[in-house]
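Open the model in your viewer and keep the selection tool at hand. The stops below go helix by helix.

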Amino acid sequence: MPNFTKQAIMDTFLRLLDQKPLDRITVREIITECQISRNTFYYHFGDIYALLDALLHQDAERLKERHRAGEPWDENLSRVIAYILENRRRARHVYDSLSHSLLERLFYQATEELFFEYVREAAQGLQVPEEDLQAIVYFYQSAFVGAVLDWMRRGMKDDPNIWMKRIHRLMKGNTRRMLENAAREAGGAE
């Protein structure tokens, strides 16, 4: 029964998030719609932000499941963009709240494995220190997350797949060059 109640709380919250900004959703609204006590809500979630965090974590896991190993990174990232577009109102309402840092964390969690796969594939045959691989992954994640958050800030009006394809075209070969530089520095050669 507790899982049913927890899911009802999450579903109600998502319905409300489709209708209005996060900052205007109250625990009172959720418990009224779910017909549960305040204590029941707090048994499952510490507050609205803990509820949001749980949902975003769940969404990050779903996005990771959509990841297809071996597929070009831009196609996998397109699925992240498609997810945002499928949930445009919710994403916008979260972004416009004081909690868009949680949304940022979602994007980092959802793309880490994808970028690691891309960078490791590009590093084949090179002896690159793990720290350098991680730095390159973080660089790409930061660029992607920054671009997505800026797109959201501007109201999600333009087609993100267009700028993603442009970035992919412009980046071709750069990852390998970064990795070759890292391998050369690790080997002591200049």
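The tour covers one helix and its cover, then two helix pairs.

This is a predicted model, in which local features need pLDDT of at least 70 and side-chain atom pairs count only at pLDDT 80 or more, while totals for chains, interfaces and linings use all residues. Residues are numbered from 1 along each chain as its sequence is written, and side-chain values use heavy atoms, with hydrogens and water left out.

Select residues 73-86, helix 5. Helices here are DSSP runs (H or I, at least four residues), numbered from the N terminus. The end C-alpha atoms of helix 5 are 20 Å apart, which agrees with the 20 Å expected for 14 residues at 1.5 Å a residue; the expected span is 1.5 Å times one less than the number of residues. Buried residues (under 20% relative accessible area, 1.4 Å probe, protein chains only) in helix 5 include Trp73, Leu77, Ile81 and Ile84. Among the elements covering the buried residues are helix 6 (88-95) and helix 7 (100-122).

Add helix 4 (48-66). Helix 4 and helix 5 pack at about 140°, axes 9 Å apart; axes are lines fitted to C-alpha atoms over the stretch in contact, and angles run from 0 to 180 degrees between N-to-C directions. The two helices are therefore oblique to each other, a class for angles outside under 35 (roughly parallel), over 145 (roughly antiparallel) and 65 to 115 degrees (roughly perpendicular).

Next, select helix 8 (130-153) and helix 9 (160-171), which pack at about 155° with axes 11 Å apart. That makes helix 8 roughly antiparallel to helix 9. Show the side chains of Tyr140, Phe144, Ala147, Val148 and Trp151 in helix 8, which meet Pro160, Trp163, Met164 and Met171 in helix 9 (contact means heavy atoms within 4.5 Å).

Terms used:
Buried < 20%, exposed > 50% of the residue type's maximum accessible area, 1.4 Å probe, protein only.
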